[in-house]
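Got your viewer open and a selection box ready? Here is a tour, stop by stop, with what to pick at each one.

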Amino acid sequence: MTPHLTRRHLLGIAALQAASALGFTRIGLSAAAAVEPPATDYAPAVVVGSGYGAAVAALRLGEAGIDTLVLEMGRLWNTPGPDGKVFCSTGAPDQRAMWFRTRTEAPLATFLWLDVVNKDISPYPGVLDRVRYADMSVFVGRGVGGGSLVNGGMAVTPPRAYFCEVLPQVDADQMYGTWFPRARQMLGVNTVDPSWFESTEWYRFSRISRKHAHNAGLRTVFVPSVYDFGYMQREAAGQAVRSALGGEVIYGNNHGKRSVDKTYLAAALGTGKVTIRTMSRVAAVRRNADGTYVLTVHETDVTGRVVRIVEVGCRRLFLGAGSLGTTEILLRARERGTLPDLSPEVGRGWGHNGNVMAARANHMWDTVGANQATMPAMGIDDWSNPTCPVFAEIAPLPMGFEHWISLYLAITKNPERGTFSYDAATDSARLNWSRSQNQPSVTAAKSLFDRVNRANVTIYRYDLFGGNRIFADDFTYHPLGGCVLGRATDNYGRATGYPGLYVTDGALVPGSLGVNPFVTITALAERNMARILAEDAW
Ligand code: FAE
């Protein structure tokens, strides 16, 4: 499905281009003029963050004619660096790769036990962050577009039965009839041409993993994507600049990817009602006696220094800072007493979508290819397994040479949940999650990949995740929960106890989805915004 580029999209894209050309941290149709407008310290509606949930909120508010300010702590990603590219590749990372780090922290620690994957970089507001808690680290995107800038583009709709198990109070007929299709259309979801997939060297790694899964009696499925497969075919034919075929993914894609700055946010800016302020981190929220909200915003420069602290007032506040960001903002507000009546459920119900990474060593004759597309296009679907359900994305490992590795990101059904507590000393949220809580995920992944190994007489790789581990169970790409729908909020994301305060992102999803989450986060936000705009007083 190619997103239809409306006049609004085109106006918005022009505003984004003008803002980056002029070095603005404020982006909007009026900001595209030569002179930066004065700071807006009041807006009827404020949206915090600019990932999937936030982008939906911004567009639907703008369309409803409501002046809306989006506050994003990261930068706008459309200014080319000295190499002429906006983003750096995974093979040659530089300061653009990571959020204020001196060394990259990619999920794969080593290759052949050698520290050759990560590279020294200088601190900068780069696009990928790895938020480290004691026993779990969480990868998130930073910048206008949030996680859509760095993710693998897999646009999967969850199996209906599991969605109903996870969110039983949400009308599934409406989700599957209206909101999922709308989300997929708006995000520009498309599927790989099967005949090209079968013939191209770039997906040989997927075909080998498929063969091994089938040998074990497992089912594989094509996985839809927001990466433009038509563009990818042109890359392969030498007719377009390489992005997915040029090793670009977790540090951003220079081409081909329909990240939300190109879809929802461009359309939001095109309404003329939405402005985005970058490098603006929301540090605190309080409520005035008249029911309006006041945000304390730290404006930072590229060294991370706070250059200005401003207060922004609003009547309606939409939190789309992601599972970690939104939960931290609300937990801090409750614990510091600025929003004391927030639900005790704020900070509960967090999960990592059962993420576990694993890799297998193939036989010499089962080559996976030196050339690998960075966008996954296939998964092993064993979710109907009654004891150990697993949906395993067949992940690329594009190293530019043959390595005989089959890599997977397994999504498992893990009933364990984490909680967040507020740490006053660091003024931040601390995730209470112990390594032992990963055990159900590791057990499920092991049962699936042991089966694949047995059927193909292959073994695990021990050299990739550090400490001779065969499962990387210490990180997630899919943080979910913290302000769960129907518990910390009502059934549409309205925060309990605070009219005009809404949660609109992955924090609403109770810890597990069974598939990659952004389509669901987008569809839920669409559903909730439609109800909020129809019912709440504006
Ligand atoms: P998110 O996209 O995280 O956006 C939150 C935004 O808020 C970010 O831009 C933050 O910088 C900003 N923010 C946070 N705190 C503040 C603050 N205090 N003040 C101002 N701004 C703030 O939220 N999902 C899939 O479905 N398919 C995939 O293939 C896939 N691959 C992934 C690969 C990687 C490497 C990663 C990291 C994630 C992947 N995901 C994938 C997960 C997906 O990107 C994620 O679920 C969504 O981005 C979450 O959307 P939210 O709207 O919750």
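For sorting residues by class, Ala, Val, Leu, Ile, Met, Phe, Trp, Tyr, Cys and Pro count as nonpolar, Asp, Glu, Lys and Arg as charged, and the others, Gly among them, as polar. Keep in mind that this is a predicted model, where local features need pLDDT of at least 70 and side-chain atom pairs count only at pLDDT 80 or more, while totals for chains, interfaces and linings use all residues. Residues are numbered from 1 along each chain as its sequence is written, and side-chain values use heavy atoms, with hydrogens and water left out.

**Stop 1: the ligand**

Select the ligand and whatever is near it (a heavy atom within 4 Å). You should pick up 37 residues, with Glu72, Gly147, Met154, Gly506 and Phe518 the closest. By class, that shell holds 15 nonpolar, 18 polar and four charged residues.

Now show polar contacts, meaning pairs of N or O atoms within 3.5 Å; within protein, one atom must be able to donate a hydrogen and the other to accept it, and residues adjacent in sequence count only if both atoms are side-chain atoms. A polar backbone atom of glycine 143 sits 3.3 Å from a ligand oxygen. For glycine 147, a backbone N or O atom is 2.9 Å from an oxygen of the ligand, and for phenylalanine 518 the corresponding backbone distance is 2.7 Å. How much of the ligand's 990 Å² does the protein bury? It covers 95% of what the ligand exposes when taken alone, with areas from the Shrake-Rupley method and a 1.4 Å probe (for residues, only the protein chains shown count as cover).

Colour by secondary structure next: helices (H or I, at least four residues) and strands (E, at least two) are DSSP runs, numbered from the N terminus. The elements giving two or more residues to the shell are α2 (52-63), β5 (137-141), β8 (280-287), α9 (322-335) and α11 (518-535).

**Stop 2: salt bridges**

Side chains of opposite charge can pair when their charged atoms come close. Here a salt bridge is a side-chain nitrogen of Lys or Arg within 4 Å of a carboxyl oxygen of Asp or Glu, and the whole structure has 38 of them.

Pick aspartate 129 and arginine 101, which pair at 3.3 Å, N to O. The aspartate is in strand β4 and the arginine in the loop between β3 and β4, so the bridge ties together parts 28 residues apart in sequence. Both residues are buried (under 20% relative accessible area; exposed is over 50%, partly exposed in between, with a 1.4 Å probe and protein chains only). Widen the selection to Arg101, Glu105, Asp129, Arg132 and Arg142 to see a network of salt bridges.

Then jump to glutamate 535, which meets arginine 494 at 2.8 Å, N to O. Glutamate 535 lies in helix α11 and arginine 494 in the loop between β21 (480-482) and β22 (501-503), so parts 41 residues apart in sequence are tied together. Buried or partly exposed: which is arginine 494? With a relative accessible area of 17%, arginine 494 is buried, whereas glutamate 535 is partly exposed at 48%. Glutamate 535 also bridges to arginine 531, closest N and O atoms 3.0 Å apart; these two both lie in α11, four residues or about one turn of the helix apart.

**Stop 3: the loops**

Select valine 116, in the loop between β3 (68-71) and β4 (128-132); its 44% relative accessibility makes it partly exposed. Finish at proline 340, in the loop between α9 and β11 (348-351). Its C-alpha is 30 Å from that of asparagine 353, 13 residues apart along the chain.
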